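Work through the exercises below with the sequence and coordinates open. Each task is followed by its solution.

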Amino acid sequence: MWRNSSYILRVSSTKSVGKVGYRPIKSAKKRLKDKLRILTSRKRTGTFSEIVKRINQTTVGWINYYGVSNMKTFIQELQGWLNHRLRQLIWKRWKLPRTKYVKLRQYGIQHDEAMKTAHSRKGYWRISRSEVLHQAIPNKRLVKWGLKDLSQFYEQRYSKD
């Protein structure tokens, strides 16, 4: 196990078609995801801006540490999962159907769709995957609220060109 990985950086080397590359080991990816899972827990207290600030500290620090390795696909998948978790957190915090309806209308959703989604009996995770919530809270809005776009940050920081 230790022959192909660096103990300090916790990366594994790969060889494919004459190129040598590095990527974070699975346990490092799992630890990051577990940490983000705790930070985006539905029962977490604190304001949304505090949560986003902690997420940004964690993800930027992780990318700065592991950035020399190849992880573009992992970062894209992580960003999608993280956005999903944040939509779920926001949906849970709106609590009442009345609040959900008002917020959906505020973000430009039509009356019928807002009413149907706000009074839905589906769970938070399922609703956070819905088209209506994606229209109300697109990725651009999450970035506007302070969340760093991980793919863009990784590309800027460690462009392989």
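**Exercise 1: fold layout**

Task: give the order of the elements of the protein chain from the N terminus on.

Solution: The order is β-β-β-α-α-α-α-α-α-α-α-α, which comes to nine helices and three strands. Helices (H or I, at least four residues) and strands (E, at least two) are DSSP runs, numbered from the N terminus. The model is predicted: local features need pLDDT of at least 70, side-chain atom pairs count only at pLDDT 80 or more, and totals for chains, interfaces and linings use all residues. Residues are numbered from 1 along each chain as its sequence is written, and side-chain values use heavy atoms, leaving out hydrogens and water.

**Exercise 2: the nonpolar core**

Task: which helix gives the most to the largest nonpolar core?

Solution: A nonpolar core is a set of buried (under 20% relative accessible area, 1.4 Å probe, protein chains only) Ala, Val, Leu, Ile, Met, Phe, Trp, Tyr and Cys residues joined through side-chain atoms within 4.5 Å. The largest one has 39 residues. Helices H1 (26-39), H2 (48-66), H3 (72-94), H7 (131-136) and H9 (150-157) each supply at least two of its residues. H3 gives the most, with 10 residues.

**Exercise 3: H1 against H2**

Task: how are H1 and H2 oriented to each other?

Solution: Their axes, lines fitted to C-alpha atoms over the stretch in contact, come within 10 Å and cross at roughly 170°. Angles over 145 degrees between N-to-C directions count as roughly antiparallel, so H1 and H2 are roughly antiparallel. In contacts (heavy atoms within 4.5 Å), Leu-36 touches Ile-55, Thr-58 and Thr-59, among others.

How values were computed:
Buried means under 20% relative accessible area, exposed over 50%, partly exposed in between (1.4 Å probe, protein chains only). Axes are lines fitted to C-alpha atoms, for helices over the stretch in contact, and angles run from 0 to 180 degrees between N-to-C directions. Angles under 35 degrees count as roughly parallel, over 145 as roughly antiparallel, 65 to 115 as roughly perpendicular and the rest as oblique. Lists of a residue's contacts leave out its neighbours within four places in sequence.
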